[in-house]
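User: I am new to reading protein models and would like to go through this one step by step. Could we begin with a charged pair and then move on to the contact between the chains?

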Amino acid sequence: MVTLGYAGRLDSANVGALWRQTADILKHARPSRVIVLCEEIEYCDGSGAGLLFYLRLKGLKQGFAVEFKGLRPEPAEMLDRFDADRFAEYGKEKRHIHPAEEIGHFAWQLFVDVQEQLAFIGELHVAMVRCLVRRRQLRWKEVFITAERAGANAVGIVSLIGFLFGLIMAFSFAMPMRQFGVDIYVADLVAVGLVRVLGPFITAIILAGRSGSAYAAELGTMKINDEIDALTTMSLDPVRFLVAPKVLATIFITPLLTVVANVFGLIGCGVVMLSLGFPLVTYTNHVESAIDSGDVAVGLFKAVVFGGLVAGVGCLRGLQTKTGPSAVGISTTRAVVSAIVLIVLAEGVFAVLFHYMGI
Amino acid sequence: MSNEIEPVIRVEGLSAGYGDEVILDDISFEVYPGEVFVIAGGSGCGKTTLLKNMIGLLEPDAGRILIDGDDIVGASGRSRHSILRKIGVMFQTGALFGSMTLLENVRLELDEFTDLPRDAANLIAAMKLDLVGLGGYGDYMPAELSGGMQKRAAIARAMVLDPQILFLDEPSAGLDPVTSAGLDGLIRRLAESLAITFVVVSHELASIYAVADRVIMLEKELKKIVAVGPPDQLRDSTDNAWVRRFFHRQAE
């Protein structure tokens with residue numbers, strides 16, 4: 001038999017220490033009966049009642065009788081309000097998820113995600129074709145606003161990054177190539193690299209971080225506020241109404257931004273070449289002979305595809321937003337990550353494709 | 001409520017508003033321990049503004065708000081903390097943290113302000129959920145529950161540290177009559193059994209009749225309290241036209 005006595009205030013400030021002592025005593029004693037002396041309890045709040053109730057639950061679980069002596073009517077009444085049966089689950093360990101189950105779950109999620117993406121691509125194409133056939137179906141105002149926000153407002157950052165990229169590339173190639181006396185060919189190298197690959201690539205990455213995330217956040221917030229559902233009940237297709245203008249505007253502005261990135265990249269490269277002592281005309285001649293209209297066309301074609309990917313996946317992640325305060329944040333992150341992965345994958349596909357096509 | 005009992009809240013000469021716009025003009029009242037005190041009035045009369053002033057979220061332009069003898073106006077640091085520990089608030093939408101389970105929502109203050117062991121905090125939080133009729137829902141996320149359940153969970157969270165006063169903002173807003181009546185019953189039961197003082201903002205007549213010991217009526221044009229008293233008394237013997245219309249649901 002164990003006799004416990006509590007005195008003074010049993011409130012949230014004091015119960016913590018008492019709880020630990022009580023648990024400690026019960027662990028070592030393994031009693032058949034516990035008597036709790038309560039005469040000297042001055043005050044007992046919800047936390048105090050929690051401690052007394054804990055003793056009662058413990059007694060039921062470990063098979064000892066608990067007797068409260070001298071407990072005043074108010075706390076006794078409070079204690080009786082709780083049915084010990086309803087707390088049978090209390091303290092049970094949560095079920096652990098088996099790794100195999102987790103892998104299966106992950107694979108299924110991946111499958112569903114791919115399925116959703118395919119469906120979305122289909123829907124988007126139908127909506128775009130419809131908009132192009134019946135031009136009044138497209139919200140042109142929305143297209144121009146998006147083009148301004150994602151395009152015109154991005155010219156500054158795209159030119160800055162393009163300039164620095166050209167500068168850094170030229171500088172890092174120039175040093176080793178100078179050892180072989182071929183540093184003039186830095187101009188050819190940077191020009192081809194920039195126009196064919198890196199110009200569209202950096203533009204698309206900037207676009208993914210700047211606008212793809214914004215699309216996801218915008219549509220995600222609309223989803224949470226039931227605005228998407230409101231559109232659906234008005235029999236307006238959210239893909240046509242919200243996604244198509246964004247995708248169209250982005251496809252339109254990405255090649256333009258790519259041209260800006262290319263031009264400023266070449267200027268950056270030019271600064272390095274001039275500082276290495278080459279006259280401007282030599283540099284421009286080399287650039288002109290290195291790239292032809294085919295290279296420019298390849299770059300711009302890639303930009304169109306990248307623009308579609310960034311806007312499409314941004315909008316898709318936005319529409320997939322779930323509920324809760326962190327949902328929009330998660331959608332934005334997923335939009336940027338998916339966009340970057342898709343850009344790199346597409347870049348790889350293009351590299352192989354253009355090689356075999358001989359472009 | 002006789003005047004010999006010390007009031008638990010005393011509002012003196014409170015004026016409040018937003019910028020140049022005055023919403024409440026020089027109002028005073030007292031709330032006594034253990035009563036369910038309802039702040040009522042039409043839309044836009046400043047009920048929520050008054051509540052936000054009383055819980056320290058807004059600073060009034062003038063006046064004092066004494067919570068258990070301490071002025072919450074201008075209180076900061078330790079004194080503000082000790083006043084806030086005496087009150088619990090249920091917001092209109094519940095304001096449960098969406099990224100936490102119900103049990104974690106309720107347990108939060110126990111974890112932050114006490115040294116209770118983990119299982120103790122869990123048990124106490126589960127008991128509070130049981131008190132509001134949500135026993136067994138501890139592992140649910142707020143988004144998985146109905147509006148009424150979210151509000152009940154918010155009450156459980158507000159009372160986890162056994163505050164003297166619970167402030168409830170529009171407990172029946174957006175709920176069906178049955179759920180709303182259930183919530184009213186819960187408020188009465190908690191007030192009677194746990195001796196908590198309730199300050200309830202409401203404009204629902206049925207709910208006011210069901211819970212209120214005393215009501216104050218705010219009026220939009222005057223920006224003042226136009227009536228104080230038990231709801232039955234206000235309904236039967238008022239000479240104020242607006243209060244009469246409110247209690248008899250008449251249009252202007």
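User: Is Lys86(B) buried or exposed?

Analyst: This is a predicted model, and the answer is a computed value. The relative accessibility of Lys86(B) is 19%, and the cut-off for burial is under 20%. Lys86(B) therefore counts as buried.

User: Which residue does the side chain of Lys86(B) meet in a salt bridge, and where do the two partners lie?

Analyst: Lys86(B) lies in the loop between helix H2 (77-84) and strand S6 (87-90) of chain B, while its partner belongs to strand S5 (residues 70-71), so the pair ties together parts that are 16 residues apart in sequence. The partner is partly exposed, at 33% relative accessibility. The N to O distance in this salt bridge is 3.1 Å, and the partner is Asp70(B).

User: In chain A, which residue forms a salt bridge with Arg334(A)?

Analyst: The closest N and O atoms of this pair are 3.6 Å apart, and a salt bridge requires them to be within 4 Å. The pair links distant parts of the chain, 221 residues apart, with Arg334(A) in helix H12 (residues 327-357) and its partner in helix H4 (residues 99-133) of chain A. Arg334(A) is partly exposed at 32% relative accessibility, whereas the partner is buried at 17%. That partner is Asp113(A).

User: What is the relative accessibility of Lys246(A), which meets Glu142(A) in a salt bridge?

Analyst: The side chains of Lys246(A) and Glu142(A) meet at 3.8 Å, N to O, and the pair joins helix H9 (residues 238-275) to helix H5 (residues 140-151) of chain A, across 104 residues. Glu142(A) is buried, with a relative accessibility of 18%. Lys246(A) also counts as buried, and its relative accessibility is 2%.

User: How many residues does each chain bring to the contact between chain B and chain A, and how much area is buried there?

Analyst: The contact takes 24 residues from chain B and 24 residues from chain A. Of the area buried between the two chains, carbon and sulfur atoms give 64%. On the side of chain B, Leu123(B), Met127(B) and Asp130(B) supply 30% of the area which that chain buries against chain A, more than any other three residues. The area buried between chain B and chain A is about 1900 Å².

User: Which residues meet in the salt bridge across this interface?

Analyst: Across the interface of chain B and chain A, one salt bridge is found. The N to O distance between the two side chains is 2.6 Å, and the residues are Arg86(A) and Asp130(B).

User: Which helix gives the most to the side of chain B that touches chain A?

Analyst: Helix H4 (118-131) and H6 of chain B each supply at least two residues of that side. By class, the side of chain B that touches chain A has 12 nonpolar, five polar and seven charged residues. With 10 residues, the helix that gives the most is H4(B).

User: Where is Gly229(B) placed, and how far is it from Ser172(B) in space?

Analyst: Gly229(B) is in strand S10 (residues 224-229) of chain B, and a relative accessible area of 5% is why this residue counts as buried. Leaving out residues up to four places away in sequence, Gly229(B) touches Arg214(B), Val215(B) and Leu234(B). Gly229(B) and Ser172(B) are 57 residues apart in sequence, and their C-alpha to C-alpha distance is 21 Å.

Note on methods:
Residues are numbered from 1 along each chain as its sequence is written. Chains are lettered from A and ligands numbered from 1 in the order in which they are written. This is a predicted model: local features need pLDDT of at least 70, side-chain atom pairs count only at pLDDT 80 or more; totals for chains, interfaces and linings use all residues. Side-chain values use heavy atoms; hydrogens and water are left out. Contact means heavy atoms within 4.5 Å. Buried area is the accessible area (1.4 Å probe) that two parts lose on being put together, summed over both. Helices (H or I, at least four residues) and strands (E, at least two) are DSSP runs, numbered from the N terminus. Ala, Val, Leu, Ile, Met, Phe, Trp, Tyr, Cys and Pro count as nonpolar, Asp, Glu, Lys and Arg as charged, and the others, Gly among them, as polar. Buried means under 20% relative accessible area, exposed over 50%, partly exposed in between (1.4 Å probe, protein chains only).
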